[in-house]
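Reader: I have a sequence and a model on screen. How do I read the features one at a time?

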Amino acid sequence: MLKACALYLDLPETFFDAEAAEGKSILRVLHYPPLGSALQPVLGSALRAAPHEDINLITLLCESTGPGLELLQADGSWLAIESLPGQIIVDTGDMLQALSNGVFKSTTHRVVNPDAGGVGAASLGENRRFSLPFFMHPRPDFDLTPLPSCVERTGGQPKFPTQTAQQYLHQRLQEIGLA
């Protein structure tokens with residue numbers, strides 16, 4: 001995927017190779033536990049994961065065990081993403097957005113509770129959900145300064161500051177209370 005991104009940005013196909021090999025990527029197992037029937041009246045409006053973007057370059061999301069993932073569309077509406085067997089969903093992260101000066105947009109997404117659409121009411125709140133995201137992080141000293149060619153493609157002005165991946169990660173972890 002990073003080779004395809006590099007080619008789209010008119011960079012050598014191997015541009016991200018060292019970043020991938022020396023990065024601090026993470027594979028996480030996310031468990032959304034069953035909520036129980038007592039919470040069924042609020043399931044349709046409750047969130048399991050609030051709207052957010054991923055910090056890294058790209059996220060590879062292996063199929064989940066249940067529905068709930070939604071992507072924010074340009075018109076402000078949410079699009080439910082059905083996870084198909086064997087499918088990998090690819091999200092652009094904030095670091096690739098910064099490097100590309102917005103040529104690649106970071107994917108805003110959330111996880112909602114299941115609603116009654118086609119699901120039996122008795123089992124509605126008892127479904128657990130597992131998700132396996134792989135967060136591709138570059139090496140800590142990777143320069144996220146917007147690429148000059150991308151600055152030119154997006155109007156001639158950098159939209160993101162000069163910083164390393166480590167500086168950006170630390171800043172974002174502080175913002176969300178994890179550092």
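Author: Start with the lining of the largest pocket, in what is a predicted model. Several elements each supply at least two residues to that lining. They are strands E2 (30-32), E3 (47-52), E4 (58-62), E8 (109-112) and E9 (129-136), plus helix H5 (165-175).

Reader: Which element gives the largest share of the lining of the largest pocket?

Author: E9 does, with four residues.

Reader: How much space lies in the largest pocket?

Author: About 620 Å³. The lining has 27 residues, and the closest to the pocket centre are Arg28, Leu30, His52, Asp54 and Phe135.

Reader: How does the lining of the largest pocket divide by class?

Author: Count nonpolar, polar and charged residues separately. Here the lining has 14 nonpolar, six polar and seven charged residues.

Reader: Pockets are open. What about closed spaces: how many cavities of 30 Å³ or more are there?

Author: A cavity is a space where the probe fits but cannot get out. The count here is one. The largest cavity has a volume of about 60 Å³. Its lining includes Leu61, Cys62, Glu63 and Ser64, and also Ile81, Glu82, Ser83 and Arg129. By class, that lining splits into six nonpolar, three polar and three charged residues.

Reader: Step back to the whole chain. How many helices and strands does the protein chain have?

Author: Five helices and nine strands. Next, read their order along the sequence. The pattern is α-α-β-β-β-β-β-β-β-α-β-β-α-α.

Reader: Which contacts tell me about residues far apart in sequence?

Author: Take contacts with a separation of 6 or more, then ask what share joins residues 24 or more positions apart. In this protein chain that share is 76%.

Reader: And what share of the residues counts as buried?

Author: Of the 179 residues, 37% count as buried. For the surface, look at area and atom type. The chain exposes about 9800 Å², and carbon and sulfur atoms supply 58% of that.

Reader: Now single residues. Is arginine 110 buried or exposed?

Author: Compare relative accessible area with the cut-off: buried means under 20%. Arginine 110 is buried because its relative accessible area is 16%. Its place is in strand E8.

Reader: Which side chain makes a polar contact with that of arginine 110?

Author: Glutamate 70, at 2.6 Å. Then list the other contacts, leaving aside neighbours within four places in sequence. Among them are Leu47, Ala49, Ala50 and Pro51, as well as Gly68, Leu69 and Trp78.

Reader: What should I look for in the backbone?

Author: Check the sign of phi. Most residues other than glycine have a negative phi. A positive value in such a residue deserves a look. Aspartate 10 is a case, with a positive phi of about 60 degrees. Asparagine 101 is another, with phi near 55 degrees.

Reader: Where do aspartate 10 and asparagine 101 lie?

Author: Both are in loops. Aspartate 10 lies between helix H1 (2-8) and helix H2 (17-22). Asparagine 101 sits between helix H3 (94-99) and E8.

Reader: Is aspartate 10 buried or exposed, and is asparagine 101 buried or exposed?

Author: Use relative accessible area again; exposed means over 50%. Aspartate 10 has 63%, so it is exposed. Asparagine 101 has 0%, so asparagine 101 is buried.

Methods. Residues numbered from 1 in each chain as written. Predicted model: local features only at pLDDT ≥ 70, side-chain atom pairs only at ≥ 80, totals over all residues. Heavy atoms only, no water. 1 Å grid on protein atoms, 1.4 Å probe; cavity = no way out; pocket = protein on both sides within 12 Å on 5 of 7 lines; lining within 4 Å. Points joined across faces, edges and corners; volume = space filled by probe spheres on them. Nonpolar A, V, L, I, M, F, W, Y, C, P; charged D, E, K, R; others polar. Buried < 20%, exposed > 50% of the residue type's maximum accessible area, 1.4 Å probe, protein only. Contact = heavy atoms within 4.5 Å. Areas by Shrake-Rupley, 256 points an atom, 1.4 Å probe, with all protein chains shown as cover. Polar contact = N/O pair within 3.5 Å; in protein donor to acceptor, adjacent residues only side chain to side chain.
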